[in-house]
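Colleague: Please take a close look at one part of this model for me. Start from a single residue and work outwards, in short steps.

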Amino acid sequence: MDVFPNLEIEQDRHGHSDGYVAEKLGISLQEYRLGKESGAFLRSKADMLLDMYDTPFEYLFERMG
């Protein structure tokens, strides 16, 4: 289960697969999925996601439960 449900929502809303996002971030698919599951992204990758989905940090990286 992903730690950041809003990241999953935005990714789905834009029609982006995990593979597409991983490629845009310049990381492997496994690394991207691990980041979503563990809640650990490098700051530079988090910033890229914020730009990609044009959302505030507090929204995109709001933790589940």
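Modeller: Start with Asp 18. Asp 18 is buried, because its relative accessible area is 16% and the cut-off for buried is under 20%. Keep in mind that this is a predicted model.

Now look at the partners of Asp 18. One of them is Arg 33. The two form a salt bridge, and their closest N and O atoms are 3.0 Å apart. This pair links distant parts of the chain. Asp 18 sits in helix α2, residues 18–25, and Arg 33 sits in helix α3, residues 29–38. They are 15 residues apart. Arg 33 is partly exposed, because its relative accessible area is 41%, while buried needs under 20% and exposed needs over 50%.

Lys 36 also meets Asp 18 in a salt bridge, at 2.7 Å from N to O. Again distant parts of the chain are linked: Lys 36 belongs to helix α3, Asp 18 to helix α2, and 18 residues separate them. Here both partners, Lys 36 and Asp 18, are buried.

Step back a little. Asp 18, Arg 33 and Lys 36 belong to a network of salt bridges that also takes in Glu 8. The whole model has five salt bridges.

Another of the bridges joins Asp 47 and Arg 43, with 3.0 Å from N to O. Both residues lie in helix α4, residues 43–53. About one helical turn separates them, because they are four residues apart in that helix. Arg 43 is exposed, with a relative accessible area of 58%. Asp 47 is partly exposed, with 29%.

Back to α2 and α3. How do these helices cross? Their axes come within 8 Å, and the crossing angle is roughly 105°. That makes α2 and α3 roughly perpendicular to each other, because angles from 65 to 115 degrees count that way. Which residues make the contact between α2 and α3? From α2 come Asp 18, Gly 19, Val 21, Ala 22 and Leu 25. From α3 come Leu 29, Tyr 32, Arg 33 and Lys 36. So the residues of the two salt bridges described above, Asp 18 with Arg 33 and Asp 18 with Lys 36, take part in this helix contact.

Tyr 32 of that contact leads to the aromatic residues. The whole structure holds five aromatic pairs. Tyr 32 and Phe 41 make a tilted pair, with 5.9 Å from centre to centre and 45° between the planes. Both Tyr 32 and Phe 41 are buried. They also belong to one aromatic cluster, together with Phe 4, Phe 57 and Phe 61.

Last comes the nonpolar core. The largest core has 15 residues. Leu 7, Tyr 32, Phe 41, Leu 49, Leu 60 and Phe 61 touch the most other members. Two elements, α2 and α4, give two or more residues to this core. Its largest share, four residues, comes from α4.

Take Leu 49 as one of those well-connected members. What does Leu 49 touch, leaving aside its neighbours within four places in sequence? Its contacts are Leu 7, Val 21, Leu 25, Tyr 32, Phe 41, Leu 60 and Phe 61. Val 21 and Leu 25 appear in the contact of α2 with α3 as well. Tyr 32 does too, on the α3 side.

Conventions. Residues are numbered from 1 along each chain as its sequence is written. This is a predicted model: local features need pLDDT of at least 70, side-chain atom pairs count only at pLDDT 80 or more; totals for chains, interfaces and linings use all residues. Side-chain values use heavy atoms; hydrogens and water are left out. A salt bridge is a side-chain nitrogen of Lys or Arg within 4 Å of a carboxyl oxygen of Asp or Glu. Buried means under 20% relative accessible area, exposed over 50%, partly exposed in between (1.4 Å probe, protein chains only). Rings of Phe, Tyr and Trp (its six-membered ring) pair if their centres lie within 6.5 Å; planes under 30 degrees apart count as stacked, over 60 as edge-to-face and the rest as tilted. A nonpolar core is a set of buried Ala, Val, Leu, Ile, Met, Phe, Trp, Tyr and Cys residues joined through side-chain atoms within 4.5 Å. Contact means heavy atoms within 4.5 Å. Axes are lines fitted to C-alpha atoms, for helices over the stretch in contact, and angles run from 0 to 180 degrees between N-to-C directions. Angles under 35 degrees count as roughly parallel, over 145 as roughly antiparallel, 65 to 115 as roughly perpendicular and the rest as oblique.
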